[in-house]
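Me: Please give a close account of the salt bridges in this structure, with the definitions behind each term. A word on the main pocket would also be welcome.

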Amino acid sequence: MALHIKRIYEPKDGIRILVDRLWPRGLSKQNTAVDIWMKDIAPSPALRRWFGHDPAKWAEFQHRYRDELEKNPSAVEELKRRIGQPDATLLYAAKDLHHNHAIVLQRFVGKN
């Protein structure tokens, strides 16, 4: 099984799981290639606001988000069930390709 991450705006491939709490701006739900939307696996609103995609907060964000994931085993297990198929892709809308929660989530799921 391969677990990829990419921005939601990129072309469709495999099962696509949106892992953002908020629906991405400018995209209609009817015309977007999203197979599953898992809001509950995303960072909490408070953590998302605190981070603000500030690279200076990246290390601490990773730690805090992993803590949230550890306290949310039902969402993590649900995600693992969903990605049991080949070529699953975790989708996110953030513009920063190197500092976003999908990276942390991919690593977290890969280790557990």
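Reply: The account below takes the salt bridges in turn and then the pocket.

This is a predicted model, in which local features need pLDDT of at least 70 and side-chain atom pairs count only at pLDDT 80 or more, while totals for chains, interfaces and linings use all residues. Residues are numbered from 1 along each chain as its sequence is written, and side-chain values use heavy atoms, with hydrogens and water left out.

Side chains of opposite charge can pair when their charged atoms come close. Here a salt bridge is a side-chain nitrogen of Lys or Arg within 4 Å of a carboxyl oxygen of Asp or Glu. Searching the whole structure on that basis gives 4 salt bridges.

One of them joins E60 to R64, with 3.0 Å between the closest N and O atoms. Both residues belong to helix α2 (residues 58-70) and stand 4 residues apart, about one turn of the helix. Helices (H or I, at least four residues) and strands (E, at least two) are DSSP runs, numbered from the N terminus. E60 is partly exposed at a relative accessible area of 34%, and R64 is partly exposed at 33%. For these terms, buried means under 20% relative accessible area, exposed over 50% and partly exposed in between (1.4 Å probe, protein chains only).

Helix α3 (residues 73-82) holds E78 and R81, which are 3 residues apart, about one turn of the helix. Their side chains form a salt bridge at 2.7 Å, N to O. E78 also pairs with R82, the closest N and O atoms being 2.6 Å apart. R82 and E78 are 4 residues apart in helix α3, so about one helical turn separates them. E78, R81 and R82 are thus linked in a network of salt bridges. Within this network, R81 is exposed at 56% relative accessibility, E78 is partly exposed at 23%, and R82 is partly exposed at 33%.

As for the pocket, the largest one contains about 550 Å³ of space. It is lined by 20 residues, of which D20, R48, H53, A93 and A94 are the closest to its centre. A pocket, on a 1 Å grid over the protein atoms alone, is an open set of points where a 1.4 Å probe fits, with protein on both sides within 12 Å along at least five of seven lines; lining residues have an atom within 4 Å of a point. Grid points are joined across faces, edges and corners, and the volume is the space filled by probe spheres set on the points.
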